[in-house]
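This report describes one protein model, beginning with its ligand shell and proceeding to its overall form and its domains.

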Amino acid sequence: MKSPEVKLAGRQIWAEIGAGALQNNLHAIRDHLDANTPAGRRVKILAVVKGNGYGHGTAAAAKAFAKAGAEWFGVTCSQEGIDLRESGFRTRPVLILTGFWPGEENRIIDHNLIPAVTDCRQLRMLEKAAARAKRKLRGPMAFHLKIDTGMNRLGVPPDSMDCVARTLADCPHLRLTGTFTHLASSEDFTSQQSDEQLAVFKKSLDAMRARKLSPGLVHMANSAAVISRPETWFDMVRPGAILYGYHQNYTPAQMRQDAIRQVPLEAALSLRARIVSMRDVPQNSGVGYNARFRTSQPSRIAIIAAGYADGISRSLSNRGHVVVREQLAPIVGTVSMDLIAIDVTNIEGAQVGDVARIYGRRESPSAPQQDVSDVARLLGTVSSDLLCMISKRVPRIYLH
Ligand SMILES: Cc1ncc(COP(=O)(O)O)c(C=O)c1O
């Protein structure tokens, strides 16, 4: 992927997204699944493209993953699903992972989306809507059942299989085509929680089968489980972060290096902004709001066209760096809504118009690495958090 000569008419900040990197990541996951499943068995991939495709753009990310062979797509709500359909994804299965709110049933049907049912009472609501839309549906309405196996966030309790089976027997316009759960700490190998969730999930599946209820496609694994917990793969896996190029922070930490070796990924997104202003300031000058940085020597301060309204965390104030001319330039003072001050005193030749890398691909092998994951670690958060923060006003430039 080669960085383009970016010419923007407006504000000088942009995200470069490598469609090739997204496809390569999907291929690497596919290879890993195939290499670790018995011959003749194929685990499907549901590409999670919620949260504006983890900041990469829902439609563009979904297109890249579809091209690379993803079978299913996961969004969080009906609106994200509708956006995906309206971008040209007409027929591929799209699962609404977080379910629906009463009143959304018709638009889910109208756009051929598959809702997750997270509460037994929702079955009757869906049944009513599906019965009304009988002609449009041409067959029973598909849904997936989400079981809460211990995360205590969303899903039917494992002991409600009776309620599900009894209610469904009375819902001729519905068809259960999948059953899933979500892992709370799949990257933590010092915790028993994933094993406990797996045991609860298997027991729930048995309880369904005992009631003559076929669970359909069974799925459980998120990123860390896709890489490191083959026992959770079942019929389909639901990778998010790894599709975009980021391995999780495992416990123990060494496991991340193993994951990187086992499944090599490419960070697909680079966030860049230009230096738009520069000044020399004397020693002991305040920089930015509330003078939260004071120069300890005569300094050259550059201003980049990036701020928290672009989705750059204000917690980077007086913390962290950007990369200018392949060198680290410290962020100085408070990250403001639209501008960030950086200290370029030691960067020879730095000038207005230079491109600063906030995160992403190095300009050359000798340039410092600064992926989203490096900044996320500095801030004590996860890559997905910083990726989803990148705001709408940042143009996304897709590289092929
Ligand atoms: C239900 C569900 N499945 C899969 C994922 C993907 O998770 P990750 O990005 O950790 O792979 C998410 C993300 O939060 C999710 O909510």
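The ligand is surrounded by Val48, Leu97, His182, Asn222, Ser223, Arg238, Pro239, Gly240, Ala241 and Ser384, a residue being near a molecule if its C-beta atom, placed from the backbone, lies within 6 Å of it. By class, this shell comprises four nonpolar, five polar and one charged residue; Ala, Val, Leu, Ile, Met, Phe, Trp, Tyr, Cys and Pro count as nonpolar, Asp, Glu, Lys and Arg as charged, and the others, Gly among them, as polar.

The model is predicted: local features need pLDDT of at least 70, side-chain atom pairs count only at pLDDT 80 or more, and totals for chains, interfaces and linings use all residues. Residues are numbered from 1 along each chain as its sequence is written.

The protein contains 14 helices and 18 strands, taken as DSSP runs (helices H or I, at least four residues; strands E, at least two) numbered from the N terminus. Its C-alpha trace spans about 80 × 45 × 40 Å along the principal axes. Of its 400 residues, 46% count as buried, that is, with 20 or more other C-beta atoms, placed from the backbone, within 10 Å of their own.

The domain bounds come from an automatic or database domain assignment.

| Domain | Residues |
|---|---|
| Domain 1 | residues 19-262 |
| Domain 2 | residues 269-399 |

The C-alpha centres of domain 1 and domain 2 are 37 Å apart. Contact (C-beta atoms, placed from the backbone, within 7 Å) links 13 residues of domain 1 with 12 residues of domain 2. On the side of domain 1 that touches domain 2, helix H2 (50-54) and helix H11 (241-244) each give two or more residues.

Key: Buried ≥ 20, exposed ≤ 12 C-beta atoms within 10 Å, placed from the backbone. Contact = placed C-beta atoms within 7 Å.
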